[in-house]
Amino acid sequence: MCCDLKRRFLLLYATQKGQAKAIAEEIWQQAGARGLEADMYCMSEMDKYNLETEKDPVVIVISTTGTGDPPDTARKFVKKIQDATLPPDHFAHLQYGLLGLGDSEYTFFCNGGKTVDRRLQELGAQHFYSTGLADDCVGLELVVDPWIDGLWLALKEAFLLQKDKEDMSSVVDAASNSASAALQSVHELNLSSKVQNLELENDGGRSSDLLSQKLADIHLAASSGDTEPSLVHSVPPLSQSTLNIPALPPEYIEVQFQDTHGENPHLSSLISEGTTFEVPVTKAVQLTREDAIKTALLVELDIADTVFDYQPGDAFCVMCPNNVSEVEELLHILGLSEKGEHFVSVKVKQGTKKKGAIHPQHIPERSTLKFILTWCLEIRAIPKKAFLRALVECTSDAGEKRRLQEFCSRQGASDYTRFIRESNVCLLDLLHAFPSCKPSLNLLIEHLPKLQARSYSVSSSNLYQPGKLCFVFNIVEFPACPARPVSRKGVCTGWLAELITPLVHPNKNSLDTKGGSLSTEKVSIFARPNNTFHLPADPSVPIMMVGPGTGVSPFIGFLQHRQKLREEHTDWEFGETWLFFGCRHQDRDYLFKQLRCFLANGTLTHLKVCFSRDSSTTEAAPPKYVQDVIRLYAKEVARVLLKEKGYFYVCGDKKHMADGVSDAVVDILSMAMETNKLEAMKMLAMLREARRYLQDVWS
């Protein structure tokens, strides 16, 4: 790149869980290695940048949260640019490139990025680089890595254009030709595999953020029979490849051990999302039989002494700790078992080279080591490549070091996906697999993400059960696999299941001697209101609900609420209610047989159930899945949606159910409207936009 070209660009990120920030930091590091100046800010720091006057290229990295919302850190920014009074040329001066992060398991994939991208275009901003949409379902790095690779060429062209526009003297013709060529290059730029071959010339040398290492003389010790790769072993061509390894992330945290005196902070100090309530568990019931494939549990919380409020259809968050034995195991491997109860002081390292290094908000400035590992860090998180790169430096065995280098290299991307990402390998698994790896505590705090509270749908109505909050969950199971030889339960569901065991199986546990009652366990919760997944404001509007398995949970709250309204307002008109429910076996996991009570008292007009694993003796096999049952009632579905302007709710697993349901609805609309599938899909999109086709789904 010519030395007289401008080398500055603005780098903005908006993150919910830290992914977008980590990627922005990677871009910032690579930019510095290329001699570029990247001014990096969180999108919420609107006092530090001004797009209205920004003349240099802008790079935006933004994630998506909830059902398609921009992250919390982008809310003010999005609200500002959504101002309807802004003229269509408001950002006509702006050149930008945007990388959106999302998960295709959800309906509104990358909608946070798409919302910002679309609005900037509407306000006259121009792309200097094609928008990238990275999918966490298959691996963000599949788009992120080539997008970053191509960014440098696009920036080079943008800088050339910028210089040409500023230098309109004796070289007008040359500038015009250069601008034309640059624009053509930008328009042709795409995110195909060709992007990976694009390289920015930097003083005639290879980009310095990648360390090319020829390590042909280092191989993992393996028997001649090891022809298949594994977590600890690679095979040719990867094992013989020259590796392109990311730059080492700079350390920025300093940890100092102190004494054992003091108190840990309250859990409420760990969250910024709202008020935390510590509430007692008053009831717990196992809804499935012991021989069911999945174990479903219902939990009732007492919120009577709090100001916690909710509507049926809302969600709320449970603050959960990491597994006690896993925390102890991690302390043991790190050689810190004796230090678990010691308080530690966490500060930003003086003189760190990390751009904008700040104290992590989720880490108390002073607390015990065990508190940090139990309540603050997601020790089960799948390690990012930047973390693996840092772990390389903590590994003494040459073979182990090489394998970790492979995982974080460009050449080892498929092995990373197979043995790390898809196998749900966490830090503990890596430390067992690579015993010479001895990371420092500050490295864990730098690279392990915040332990997130887990979200659950409300399964009750405050009108029907005042002072009570119910929810239902399956115990998540992670069976053992070759890369991870131990089975595990979900962080939160495993903890909750253990917590409520005395209530679920009182005979298996000793009773509290005080009055012969079971000891009361408490959980910390905070609200996570859902602004759309609610009953219609007009009770006369018909509704259809689809909720197989634990997906039926919010609809129990719907029906409880509707039943109470019917009792209190006998003169109101109520629309018909449909519920499509399914499970594997009628006698093992039919979660709420009380549904028949709603049917009997008229609250529920139609109940349609199916059982996917039960054998049938009838000549014509009954439908197995809810999407099949919906097709049997095609006329009714079309009538409710098209003629009666009803609402259609779907809750549950996205990949195996919600997509099938939407496909069925599209086919039904196509037949009813006597049109092709494309037009039916447009109609479904309109129903979504009108908030009459609503989903609460998970992957």
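In this predicted model, Q465 touches E300, S460, C470 and Q560, leaving aside residues up to four places away in sequence. Q465 sits in the loop between β15 (454-457) and β16 (468-474). G557 lies 92 residues from Q465 along the chain. The C-alpha atoms of Q465 and G557 are nevertheless separated by 9.7 Å.

Helix α6 spans residues 324-333, and helix α7 spans residues 369-376. The two helices pack at an angle of about 130°. Their axes are 10 Å apart. Oblique angles are those outside the ranges under 35, 65 to 115 and over 145 degrees, so α6 is oblique to α7. The crossing of α6 past α7 is right-handed. On the α6 side, the contact is formed by V327, E328, L330 and L331. These residues meet L369, K370, L373 and T374 of α7. By class, the contact has 5 nonpolar, 1 polar and 2 charged residues.

Nonpolar side chains tend to be buried together in soluble globular proteins. Here, the largest nonpolar core has 54 residues. L330, which takes part in the contact of α6 with α7, is among the residues with the most contacts inside this core. The others in that group are L377, L388, L391, F407, L427 and L430. L430 touches L231, P383, L388, L391, I420 and V425, again without counting residues up to four places away in sequence. A second core is separate and has 30 residues. Its members include F9, W28, A38 and A134.

Notes:
Residues are numbered from 1 along each chain as its sequence is written. This is a predicted model: local features need pLDDT of at least 70, side-chain atom pairs count only at pLDDT 80 or more; totals for chains, interfaces and linings use all residues. Side-chain values use heavy atoms; hydrogens and water are left out. Axes are lines fitted to C-alpha atoms, for helices over the stretch in contact, and angles run from 0 to 180 degrees between N-to-C directions. Helices (H or I, at least four residues) and strands (E, at least two) are DSSP runs, numbered from the N terminus. A crossing is left-handed if the near helix is turned anticlockwise from the far one by less than a right angle, and right-handed if clockwise. Contact means heavy atoms within 4.5 Å. Ala, Val, Leu, Ile, Met, Phe, Trp, Tyr, Cys and Pro count as nonpolar, Asp, Glu, Lys and Arg as charged, and the others, Gly among them, as polar. A nonpolar core is a set of buried Ala, Val, Leu, Ile, Met, Phe, Trp, Tyr and Cys residues joined through side-chain atoms within 4.5 Å. Buried means under 20% relative accessible area, exposed over 50%, partly exposed in between (1.4 Å probe, protein chains only).
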